[in-house]
Protein chains: 2
Amino acid sequence: MDVVVQKFGGSSVADLECMQQVMAKVKQTLQQGSKIVVILSAMAGETDRLISLAKEWSKTPRPEEMDVLLTTGEQISVSLFSMLLNDNRIKARSLLGFQIPIHTDNSFGKARILDIDHEYLRNLFKKNDVLVVAGFQGCDVSRNLTTLGRGGSDTSAVALAAALQASVCEIYTDVDGVYTTDPNVCPQARKLSRIAYDEMLEMASMGAKVLQIRSVEFAKKYNVPVHVRSTFSDEPGTFLVQEDQEMESVLVSGIAYDKDQARITLVDVFDEPGVAASVFEPMAAAGIVVDMIVQNPSREGRTDITFTVHKGDLERARRIIEKIKDNLGARGLFTDTNVNKVSVIGVGMRNHSGVAAIAFKSLQAEDINILMISTSEIKISCLIEEKYTELAVRTLHEAFGLEKEPQVTGFSE
Amino acid sequence: MDVVVQKFGGSSVADLECMQQVMAKVKQTLQQGSKIVVILSAMAGETDRLISLAKEWSKTPRPEEMDVLLTTGEQISVSLFSMLLNDNRIKARSLLGFQIPIHTDNSFGKARILDIDHEYLRNLFKKNDVLVVAGFQGCDVSRNLTTLGRGGSDTSAVALAAALQASVCEIYTDVDGVYTTDPNVCPQARKLSRIAYDEMLEMASMGAKVLQIRSVEFAKKYNVPVHVRSTFSDEPGTFLVQEDQEMESVLVSGIAYDKDQARITLVDVFDEPGVAASVFEPMAAAGIVVDMIVQNPSREGRTDITFTVHKGDLERARRIIEKIKDNLGARGLFTDTNVNKVSVIGVGMRNHSGVAAIAFKSLQAEDINILMISTSEIKISCLIEEKYTELAVRTLHEAFGLEKEPQVTGFSE
């Protein structure tokens with residue numbers, strides 16, 4: 001039995017007209033003889049409506065009750081879509097997270113999937129051709145409803161595809177695939193026909209909002225073939241796959257940028273063992289993710305420590321630092337939110353040197369000052385002044401020739 | 001541990017302001033040291049909104065999917081109310097039907113409760129003072145969501161009160177109790193301080209929309225003390241109780257009327273064995289409830305059969321009769337929707353004769369013609385012309401002195 005998983009986001013299920021297009025996709029796939037799991041999000045705007053309702057009623061809504069509230073959004077989508085399919089003589093039924101069940105931990109609002117009863121689903125396929133599953137939701141061992149966080153329906157889809165060993169997990173969205181960079185910033189951006197899971201992870205964590213990061217981790221872990229494509233066209237989109245030699249032969253796959261960075265600098269702290277720890281341990285304890293960190297070389301027993309956090313965490317981070325800065329001997333504390341991060345991403349970097357040099361040189365040629373640098377195996381990130389962001393993205397895109405289909409070099413090294 | 005069950009209908013949970021009044025009731029009861037199960041309906045208008053959404057999407061919405069859709073209404077109410085209570089430092093949590101679980105059969109849209117896991121609820125009271133339960137919903141053995149039909153939250157409340165052996169099941173509504181008759185028709189109508197389950201059953205089945213009939217049956221079966229009262233006042237309302245000698249000493253408790261009757265007459269059918277069966281068997285098979293039936297004395301081997309059905313079933317009933325009327329030798333088929341039923345109700349009739357005589361005589365005095373009569377142990381119903389309905393109600397109310405508190409006669413017979 002071939003199973004295809006198809007996930008449709010909020011804009012794809014916004015109204016009856018959109019849902020009819022979704023039904024057309026489902027019919028097409030049924031004609032190929034596959035059974036289908038359709039994952040739906042809440043109708044566009046519904047989740048926001050429910051959140052503002054909760055805010056009206058409660059200053060501090062309990063996360064467990066928020067999840068009871070928010071799961072109604074998907075519940076409405078799947079029941080309506082299942083009615084529509086049955087009206088059109090397609091054998092279908094809706095399924096909520098707890099009915100399968102999709103078991104999660106009890107981190108309300110950001111739960112993680114623990115297991116899925118795929119036997120139950122396979123049994124339902126004896127009487128149904130389409131199972132319409134509510135995305136974004138599950139339940140814990142005590143039958144409490146849970147949600148998987150914003151974009152969680154992507155993870156629902158990939159997890160169900162993994163559990164059912166689906167031939168493909170199609171993520172339908174309002175863009176037609178993953179691009180080398182944001183086409184709004186760089187008109188030369190090119191749709192990628194394939195992207196490695198690791199590259200997609202970097203792209204997603206850098207603000208490319210096509211997929212929830214956790215869904216990509218899940219796809220990588222269980223080697224789920226994911227196809228990101230448009231609800232409103234029949235063109236193929238972008239396949240997420242394990243990296244292979246062909247991909248590794250390409251220097252760079254994409255350019256990402258992140259506008260949510262804020263920089264904090266502690267000036268002239270004592271350059272002693274344990275100073276870094278006393279800064280970053282309370283950050284971690286407060287759940288603040290520190291991204292880039294730079295410590296300058298010591299001058300007369302003192303040094304500067306600079307690091308970046310998410311803009312939304314800046315105030316909390318500043319309050320933590322204020323408390324400890326005297327103990328560290330700091331002579332100053334500066335923060336800056338007029339900074340952005342641009343990143344060059346590609347699994348090819350694992351085998352090629354010189355990518356950083358090309359990046360730095362091309363930015364320098366445009367007089368763009370690099371404030372901080374961080375690198376990983378497949379990524380080089382530069383913190384720059386906010387005003388240069390779009391220029392930097394276009395410059396890097398051109399420097400690595402991303403507007404052209406890559407020439408497969410044939411493993412020449 | 002004393003448990004009180006409090007059920008609030010849609011108009012009591014219409015918005016934040018109403019919900020704060022509900023919270024005030026809950027706080028009052030907590031101060032008396034009881035644990036509370038609060039049953040909520042969907043916010044006023046929400047169920048209708050969902051039904052019209054379904055109709056937009058589907059010509060023939062599947063009942064099982066309707067139940068998935070409709071249960072979201074109560075789900076939203078209970079999560080919001082639970083947030084509100086916690087914001088006000090009341091330890092509470094929401095509970096959906098499937099979480100308890102409230103097991104039902106799988107008659108989607110009109111399911112019947114089979115059992116309730118009260119141990120689970122008792123355990124939850126160790127950590128919570130208030131359990132906010134979604135009314136109207138349950139689940140079958142296969143984890144399918146079910147609903148109990150319009151007004152089903154009343155039945156949820158009574159069933160939970162029975163399962164938990166609650167000291168009282170309070171049904172809060174927008175009227176302040178059960179009246180001797182509809183005060184809109186008869187300004188002399190008087191609020192009853194007590195009413196017997198059987199009387200309430202007759203009142204409810206006659207269109208007194210205070211309680212779902214099934215909830216009254218449930219209360220009677222498990223002897224649950226039910227208190228019908230107003231959300232918007234502190235006055236006591238009406239208690240539903242087992243009948244006792246004091247009640248039996250009262251001749252009549254109330255006057256009800258039903259505007260949903262339609263009359264069908266088959267003229268001059270053969271007066272043979274089996275004729276009645278051939279009329280009413282196909283009605284029963286089609287799920288049409290036949291209320292009053294009259295067969296006239298035979299004239300020359302022929303007779304008339306007259307019966308009433310719910311107005312909404314008239315067309316289906318007529319189609320059934322059209323098919324069989326020639327076989328019955330019928331010389332005519334008449335239908336009439338300009339008829340209403342008025343009923344005199346009281347458990348006292350079991351011990352008193354002469355009630356029918358008083359009723360007929362008082363109607364006659366106003367020149368109201370009685371078209372059909374049916375009686376039960378505790379009820380006398382008369383079908384009359386629609387235009388006389390209000391007059392008949394007022395006439396009967398006065399004839400039995402219902403405007404006055406009953407004089408307890410002291411079992412004089």
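Which residue follows α11(B), and what is the sign of its phi? Keep that question in mind while you walk through this predicted model, which scores ipTM 0.85 and pTM 0.86; the answer comes when the tour reaches chain B.

**Stop one: the sheet in chain A**

Begin by colouring chain A by confidence, where the mean pLDDT is 92 and 98% of the residues reach 70 or more. Where pLDDT is low, the predicted coordinates should not be read in detail.

Now select strands β13, β18, β20 and β19 of chain A, in that order, and you will have an open sheet of four strands with antiparallel pairing. At its edges lie β13 (254-258) and β19 (370-376) of chain A, each of which pairs on one side only. If you turn the view to compare the directions of neighbouring strands in this sheet, they are turned by 20 degrees against each other on average, direction ignored.

**Stop two: strand β20 and its partners**

Next, select residues 379-385 of chain A, which make up β20(A), a mostly covered strand in which six of the seven residues are buried. On one pairing, β20(A) joins β19(A) in the antiparallel sense over six bridges, and these two strands form a hairpin with two residues between them. To follow this pairing residue by residue, show A:Ser376, which stands opposite A:Lys379, and then A:Ser374, whose bridge partner is A:Ser381. In its other pairing, β20(A) meets β18(A), again in the antiparallel sense, over seven bridges; here you can pick out A:Val344, which stands opposite A:Ile380.

**Stop three: two helices across the strands**

Add residues 355-365 of chain A to the view, and helix α11 appears, lying across β18, β19 and β20 of chain A and running at about 20 degrees to β20(A). Then add residues 389-399 of chain A, which form helix α12; this helix lies across β13, β18 and β20 of chain A and runs at about 10 degrees to β18(A).

**Stop four: helix α11 in chain B**

Move to chain B and select residues 355-365, where the buried residues of helix α11 are B:Val355, B:Ala359 and B:Leu363. Looking down the axis of α11(B), you will find that these buried residues fall within an arc of 60 degrees, so they line one face of the helix. What covers them includes β18, β19, β20 and α12 of chain B, whereas on the other side of α11(B) the residues B:Ala357, B:Lys361, B:Gln364 and B:Ala365 are exposed.

Finally, select B:Asp367, which answers the opening question: this residue follows α11(B), and its phi is positive, near 60 degrees.

Conventions: Residues are numbered from 1 along each chain as its sequence is written. Chains are lettered from A and ligands numbered from 1 in the order in which they are written. This is a predicted model: local features need pLDDT of at least 70, side-chain atom pairs count only at pLDDT 80 or more; totals for chains, interfaces and linings use all residues. Two strands pair if DSSP finds at least two bridges between them. Axes are lines fitted to C-alpha atoms, for helices over the stretch in contact, and angles run from 0 to 180 degrees between N-to-C directions. Two residues are in contact if their C-beta atoms, placed from the backbone, lie within 7 Å. A residue is buried if 20 or more other C-beta atoms lie within 10 Å of its own, exposed if 12 or fewer, and partly exposed in between; C-beta atoms are placed from the backbone. The arc is that of the directions from the helix axis to the C-beta atoms. pLDDT is the predictor's confidence in each residue, from 0 to 100.
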